[in-house]
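Q: I'm just starting to read protein structures, and I'd like a close look at one part of this one. Could you begin with one strand pairing and then show me how the rest is arranged around it?

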Amino acid sequence: MTAPILRAQDVTMIFGGLTALSEVSLTLDRGQIVGLIGPNGAGKTTFFNCLTGLYTPSKGQVLLNGRQLPSDPAQVTIAGIARTFQNIRLFPNMTAVENVMVGRHARMKQGPIATIFRGPRFRKGENEARDRAKELLAFAGIGRAGDELARNLPYGDQRRLEIARALATDPQVLLLDEPTAGMNPQETEATRQLIFKIRDLGVSVVVIEHDTKFIFGLCDHVSVLVQGKLLVEGPPEVVRNDPHVIEAYLGKPPEEVQAEVQHAAELLGGHDKGVNQ
Ligand SMILES: Nc1ncnc2c1ncn2[C@@H]1O[C@H](COP(=O)(O)OP(=O)(O)OP(=O)(O)O)[C@@H](O)[C@H]1O
């Protein structure tokens, strides 16, 4: 068995008097898609921030390929972790291609002299970055939008553009924070297929989403955070039917939920179809 690509161990994050995360652990294997769900304020984005060097955990550690994560986000990108944000963060007045090229520059080795004088080596690097950006836009399904300003793109395409830009850094691990927020069902399904394609490239993915149906139809493994603590984790079919998870979402006590699940199973002739389908 190969070692996990990413391992967060007992990550705790305290802001003043508020414990936003308490001893949260997560293991991401190569080629795996892991989902992170939980109610508002559960600590999901804070956890991503700990995985990208934006926050240094108060306790615990994050290991990428068995090595301690750098504490600087730019170094984390170079080490192989890329992310998208809950609120889209594009350069609105740059074209789609230029936005992706910004991601590509994290990987380029242009020295300051080459950049200042814009010599042949600089131009070669820029041309390569542009070609790669176009490839990635096509991969993300928005190849036609290369010359459009980011701010003029439809919302769903902006989200895809963010993913293309993250991929331009050649990540081993991609963290997606609510990639389908605000999308219609067709865009959501297209995003699900895009994430499968990304996984097929060999990139391991962690996804935060409120849409549990999307998560259960996408992920190999799901972790549920509630009030900064890991409530349940496991395969989607196990997590989906866990009464504590249903309680966290529906606000009902586990016993009541269990009774409802039982009742529904009886009505369906003994076939438990699950509650969140
Ligand atoms: N920089 C910060 N300083 C102080 N408190 C913070 C900071 N960042 C997050 N928090 C607090 O930590 C808790 C977890 O927030 P976080 O944004 O991680 O939750 P979330 O699960 O991503 O929520 P949502 O689903 O609404 O995005 C919240 O109580 C939030 O107010």
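How many bridges join S1 to strand S4 (residues 59-64), and in which sense do these strands run?

A: Happy to help! One thing to keep in mind is that this is a predicted model. S1 and S4 are joined by 5 bridges, and the two strands run antiparallel. To find this pairing in the viewer, look for Thr12, which stands opposite Lys59 in S4.

S1 has another partner too. Strand S1, residues 6-15, pairs with S2 in the antiparallel sense over 7 bridges. Here you can use Ala8 as your landmark, as it stands opposite Leu26 in S2. S1 and S2 form a hairpin with 2 residues between the strands, and in this hairpin Gly16 takes a positive phi near 55°.

Now let's follow S2 to the ligand. Strand S2 (18-28) and helix H1 each supply at least two residues of the shell around the ligand. The residues that surround the ligand are Phe15, Leu18, Ala20, Gly38, Asn40, Gly41, Ala42, Gly43, Lys44, Thr45, Thr46 and Gln86. H1 gives the largest share of this shell, with 3 residues. Sorted by class, the shell holds 7 polar, 4 nonpolar and 1 charged residues.

H1 itself deserves a moment. How much of this helix is buried? A residue counts as buried if 20 or more other C-beta atoms lie within 10 Å of its own. In H1 (residues 44-51), 7 of the 8 residues are buried, so the helix is largely enclosed by the rest of the structure. The buried residues are Lys44, Thr46, Phe47, Phe48, Asn49, Cys50 and Leu51. After H1 comes Gly53, which has a positive phi near 80°.

Let's step back to see the whole chain. It has 11 helices and 10 strands, and 36% of its 277 residues are buried. Among the contacts with a separation of 6 or more, 64% are between residues 24 or more positions apart.

The domain assignment splits the chain into domain 1 (1-80 + 171-235), domain 2 (92-165) and domain 3 (241-277). The centres of domain 1 and domain 2, taken over C-alpha atoms, are 25 Å apart. Where these two domains touch, 8 residues come from domain 1 and 8 residues from domain 2. On the domain 1 side, helix H2 (73-79) and helix H7 (185-200) are the elements that give two or more residues, and the largest share, 3 residues, comes from H7. That side of domain 1 is made of 5 nonpolar, 2 polar and 1 charged residues.

Two loop residues are worth a look as well. Asp170 lies in the loop between helix H6 (155-167) and strand S7 (173-177). Asp170 has a positive phi of about 55° although it is not a glycine. With 15 other C-beta atoms within 10 Å, Asp170 is partly exposed. The loop between S7 and H7 holds Glu178, another residue that is not a glycine and has a positive phi of about 55°. Glu178 is partly exposed, with 19 other C-beta atoms within 10 Å.

Finally, you can compare your starting strands with another hairpin, the one formed by S9 and S10. Strand S9 (residues 221-226) and S10 pair in the antiparallel sense over 5 bridges. There are 2 residues between these strands, and in this hairpin Gln227 has a positive phi near 50°. Across the pairing, Val224 stands opposite Val232 in S10.

Let's finish with Val232, which belongs to strand S10 (residues 229-234). Is Val232 buried or partly exposed? Val232 counts as partly exposed, because it has 17 C-beta neighbours inside 10 Å. Setting aside neighbours within four places in sequence, Val232 is in contact with Val224, Val239, Asp242, His244 and Val245. If you want to relate Val232 to an earlier stretch of the chain, try Gly31: the two residues are 201 residues apart along the chain, and their C-alpha atoms are separated by 22 Å.

Definitions and conventions:
Residues are numbered from 1 along each chain as its sequence is written. This is a predicted model: local features need pLDDT of at least 70, side-chain atom pairs count only at pLDDT 80 or more; totals for chains, interfaces and linings use all residues. A residue is buried if 20 or more other C-beta atoms lie within 10 Å of its own, exposed if 12 or fewer, and partly exposed in between; C-beta atoms are placed from the backbone. Helices (H or I, at least four residues) and strands (E, at least two) are DSSP runs, numbered from the N terminus. Two residues are in contact if their C-beta atoms, placed from the backbone, lie within 7 Å. A residue is near a molecule or strand if its C-beta atom, placed from the backbone, lies within 6 Å of it. Ala, Val, Leu, Ile, Met, Phe, Trp, Tyr, Cys and Pro count as nonpolar, Asp, Glu, Lys and Arg as charged, and the others, Gly among them, as polar. Domain bounds come from an automatic or database domain assignment. Two strands pair if DSSP finds at least two bridges between them.
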